[in-house]
Amino acid sequence: MTRIGVVVFPGSNCEYDALGAMSLLGADAEFVWHSATDLDGFDGVILPGGFAHGDYLRPGALARFSPVMEAVASYARDGGAVLGICNGFQVLTEAGLLPGALQKNRGLTFLCQPTTLVVGSTTSVLTRGAVRGQELVIPINHFSGAYTCDDETWSSLVDNDQIVLRYKENPNGSRDDIAGVSNVEGNVVGLMPHPERAMSTLLGSADGRVLLEGFVRAPVGAR
Amino acid sequence: MDYPIIVDVTLREGIADPEGATIERALPALGFRGVTHVRAGKSFRMNIDAENESAALATASALAERLLSNPVIESATARSDEKG
């Protein structure tokens, strides 16, 4: 059975959603407290949404210094599958494990709504089960979700096919409508939308399954 | 000796500043005319125990780079707090 670690920072609040989604997909998921220093034995690691360390200073700025982030960095270096959702994405950019940064939304409002996403790269551990151009309805729930990077970084994202998801209609001012990116290798992925909240048509959408099923299937060092 | 230091963090040139833009748009309604190029930022004040002022400023710059700012979108400058 695939074993997934869900990292819990003080202030995380989507860890149960992530754990529930993993269980629904047949994975053996468990919480990992932010003071943990090793992630051996996990087939994948999720950094869930929330407000790690209160989002003080900047979202993710203090969480990147949690002890577990050293372990996440070395896990990622070894090719392990790492997924950052919402605040988890912000933590991964602050930690330098993903390029760019997340800024305050263009309209300066907190956005909580379903969005239509368009799948870009399908070589990442999150989008490997999807088809390029496929549309997925997945909710967003953030204040600082505008993806930002310089021209050079944007060019390399395009050249290396690292843009995994784009908004069909840009809700927050993200550069190039970017909703999610991966690292060059494709084993570290971050996205602002919440696929773990789109697991059942009864609750609005089951499109998150397309993404998370791919993540659960991705073995360590898949690429 | 303790040196009083202020670190200013602002968004880099070319990075969109929705907060500054919103403030700028609100000013005419309050009767303030001719105010342009408003940029929002953060300011941190601290005491740093160091040999001299330049050493204190060097420490402030280092911690500003490492923690107080995100160099991807922000720049930081350290200065002495003249008011102590």
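This is a short chat about chain B of a predicted model and the chain A it touches.

Reader: What secondary structure does chain B have?

Author: Chain B has two helices and three strands. Remember that the model is predicted.

Reader: In what pattern do they follow along the sequence of chain B?

Author: The pattern of chain B is β-α-β-α-β.

Reader: And how are the strands ordered in the sheet?

Author: The order is E2-E1-E3 in chain B. The sheet is open, and its pairing is antiparallel.

Reader: Which strands are at the edges?

Author: Strand E2 (41–49) and strand E3 (74–80) of chain B. Each of them pairs on one side only. From one strand to the next, the twist averages 25 degrees.

Reader: What holds paired strands together, in general?

Author: Backbone hydrogen bonds: strands of a sheet pair through them, either parallel or antiparallel.

Reader: How many bridges join E1 to E2 in chain B?

Author: Nine bridges join E1(B), residues 2–11, to E2(B). One spot to look at is B:Pro4, which stands opposite B:Asn47 in E2(B).

Reader: Where does helix H2 of chain B lie?

Author: Helix H2 of chain B, residues 53–68, lies across E1, E2 and E3 of that chain. The helix runs at about 35 degrees to E1(B).

Reader: New topic. What is the radius of gyration of chain B?

Author: Chain B has 16 Å. A compact globule of 84 residues would have a value near 12 Å. The C-alpha atoms of chain B fill a box of roughly 50 × 30 × 15 Å along the principal axes.

Reader: How much of chain B is buried?

Author: Of its 84 residues, 17% count as buried.

Reader: What about contacts within chain B, between residues far apart in sequence?

Author: Take the contacts in chain B with a separation of 6 or more. Residues 24 or more positions apart account for 68% of them.

Reader: How many residues of chain B are in contact with chain A?

Author: Nine residues of chain B are in contact with eleven of chain A. Helix H1 of chain B, residues 18–26, gives the most to that side of chain B, with three residues. By class, that side has six nonpolar, two polar and one charged residues.

Reader: Which residues touch the most other members of the largest nonpolar core?

Author: A:Val6, A:Val7, A:Ile46, A:Val72 and A:Ile85, in a core of 71 residues. Helix H2 of chain A, residues 68–77, gives the most to this core, with six residues.

Reader: Which residues are in the second core?

Author: That separate core has nine residues, including B:Tyr3, B:Ile5, B:Val7 and B:Ala78.

Key:
Residues numbered from 1 in each chain as written. Chains lettered and ligands numbered in written order. Predicted model: local features only at pLDDT ≥ 70, side-chain atom pairs only at ≥ 80, totals over all residues. Helix = DSSP H or I, 4+ residues; strand = E, 2+ residues; numbered from the N terminus. Rg over C-alpha atoms; globule rule 2.2 N^0.38 Å. Buried ≥ 20, exposed ≤ 12 C-beta atoms within 10 Å, placed from the backbone. Contact = placed C-beta atoms within 7 Å. Pairing = 2+ DSSP bridges. Axes fitted to C-alpha atoms, helices over the stretch in contact; angles between N-to-C directions. Nonpolar A, V, L, I, M, F, W, Y, C, P; charged D, E, K, R; others polar. Core = buried A, V, L, I, M, F, W, Y, C linked by C-beta atoms within 7 Å.
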